[in-house]
Amino acid sequence: KSGFVAVIGRPNVGKSTLINSLIGQKIAIMSDKPQTTRNRIMCVLTKPDAQLVFLDTPGIHKPIDKLGEYMVKAAEGTLQEVDAIIFVVDANEKFGPGEHYILERLKSTKKPVVLAINKVDLLEDKEALLPIITNYNGKYDFAATVPISALEENNLEGLLDEVKKYL
Ligand code: GDP
Ligand code: MG
């Protein structure tokens, strides 16, 4: 099994940390420069049962100028070509216009979207997770919902297992 996976989400939700943890080390191929219009390979992960190519998807945000519009189009092009999308959100942030905007863009792709609720290590009360899961799933038909901690490398295999189903 092999395939392409787009990792998307608002800034600071932990996309880079997730990729770092998946790959097991800090790697040079990972670039964090924003405002790049080209789609970039963040990393290639080779597992015994699957090879996953992770793509950064810059530009999924509300365009404020012509360049922004171009980037949104480029990002939408990427999303058409992947096998699955990981939508990363921060468990400690309220669902806001940023998330709403991204989900609106994802709808038209008709691709499986796996929701990764990140930074669950920061939740003081683990009971708080359920309403977050319920809230997000009321807003989009996710292929799966996986709570993770990218930083503490918690449940990343669970996330990969869900993604692998769509390769
Ligand atoms: P990106 O902008 O989506 O690529 O986000 P980054 O990966 O750069 O992470 C933004 C900040 O959140 C950094 O300070 C990370 O250390 C922190 N962070 C990322 N994942 C986690 C997590 O699972 N738990 C905690 N506590 N912090 C995290
Ligand atoms: Mg980043």
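**Core, helix 2 and ligand shell**

Among the 38 residues of the largest nonpolar core, those touching the most other members are Val 5, Val 7, Ile 85, Ile 86, Phe 87, Val 114 and Ala 116. Such a core is a set of buried Ala, Val, Leu, Ile, Met, Phe, Trp, Tyr and Cys residues joined through C-beta atoms within 7 Å; buried denotes 20 or more other C-beta atoms within 10 Å of a residue's own, exposed 12 or fewer, with C-beta atoms placed from the backbone. Strand 4 gives the most to this core, with six residues; strands (E, at least two residues) and helices (H or I, at least four) are DSSP runs numbered from the N terminus. The model is predicted, with local features needing pLDDT of at least 70 and side-chain atom pairs pLDDT 80 or more, while totals for chains, interfaces and linings use all residues. Residues are numbered from 1 along each chain as its sequence is written, chains are lettered from A and ligands numbered from 1 in the order written.

Helix 2 has Met 71, Ala 75, Thr 78 and Leu 79 as its buried residues. These fall within an arc of 100 degrees seen down the helix axis (taken from the directions from the axis to the C-beta atoms), so they line one face of the helix. The face turned away from this buried side carries exposed residues, including Lys 66, Lys 73 and Glu 81.

Turning to the ligand, 15 residues surround ligand 1, the closest being Gly 14, Lys 15, Ser 16, Thr 17 and Leu 151; a residue is near when its C-beta atom, placed from the backbone, lies within 6 Å. Helix 1 (residues 15–23) gives the most to this shell, with three residues.
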